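Here is a short tour of a few features worth finding in the model below. Have the sequence and the structure open side by side as you read.

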Amino acid sequence: MKRYLKEIIILLIQLFMFYVFPLFAGPTDAIGMVLIIIFVTALLSALIGSISKEKIKYLYPVVIATLFIPSVFIYYNESALIHSIWYLVISSIGLLVGIIIEKLSDCK
């Protein structure tokens, strides 16, 4: 458990963004909220890609896309299921950016 502490903390922040953050957004703030969650997802996945040395980090995009699905039925309607694909893509890109940053910082 202690071995995956960084990954767990980042995952908890992501869960906060999916399940607690929408509670504070008003009905007219939906687009802004989605953009903020997408930005935070990209940032957190880049962070996990750059600081995690564990192989479990490669599962992060799939876990994020899967964890978003229940929030669709809590806060949104079924038409928002497509956003889980966006979170998969965005977190994959962020993970790759983080891995590149890690590799570039190790070269020096």
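Five aromatic pairs turn up in a search of the whole structure, where rings of Phe, Tyr and Trp (its six-membered ring) pair if their centres lie within 6.5 Å. One aromatic cluster is formed by Phe18, Phe68, Tyr75, Tyr76 and Tyr87.

The model is predicted, with local features needing pLDDT of at least 70 and side-chain atom pairs pLDDT 80 or more, while totals for chains, interfaces and linings use all residues. Residues are numbered from 1 along each chain as its sequence is written, and side-chain values use heavy atoms, leaving out hydrogens and water.

Next, the largest pocket (on a 1 Å grid over the protein atoms alone, an open set of points where a 1.4 Å probe fits, with protein on both sides within 12 Å along at least five of seven lines; lining residues have an atom within 4 Å of a point). Its volume, the space filled by probe spheres set on the points, is about 160 Å³. Among the lining residues are Tyr4, Ile48, Lys57 and Val63.

| Class in the lining of the largest pocket | Residues |
|---|---|
| Nonpolar | eight residues |
| Polar | no residues |
| Charged | two residues |

Here Ala, Val, Leu, Ile, Met, Phe, Trp, Tyr, Cys and Pro count as nonpolar, Asp, Glu, Lys and Arg as charged, and the others, Gly among them, as polar. Helix α1 (5–19) and helix α3 (60–75) each supply at least two lining residues, and α1 gives the most, with three. Helices are DSSP runs (H or I, at least four residues), numbered from the N terminus.

Finally, look at Ser45 in helix α2 (residues 30–51). Ser45 is buried, with a relative accessible area of 0% (buried means under 20%, with a 1.4 Å probe and protein chains only). Beyond its neighbours within four places in sequence, Ser45 is in contact with Tyr60, Ile90, Ser91, Gly94 and Leu95, contact meaning heavy atoms within 4.5 Å.

Conventions. Buried < 20%, exposed > 50% of the residue type's maximum accessible area, 1.4 Å probe, protein only. Phe/Tyr/Trp six-rings, centres within 6.5 Å; stacked < 30°, edge-to-face > 60°.
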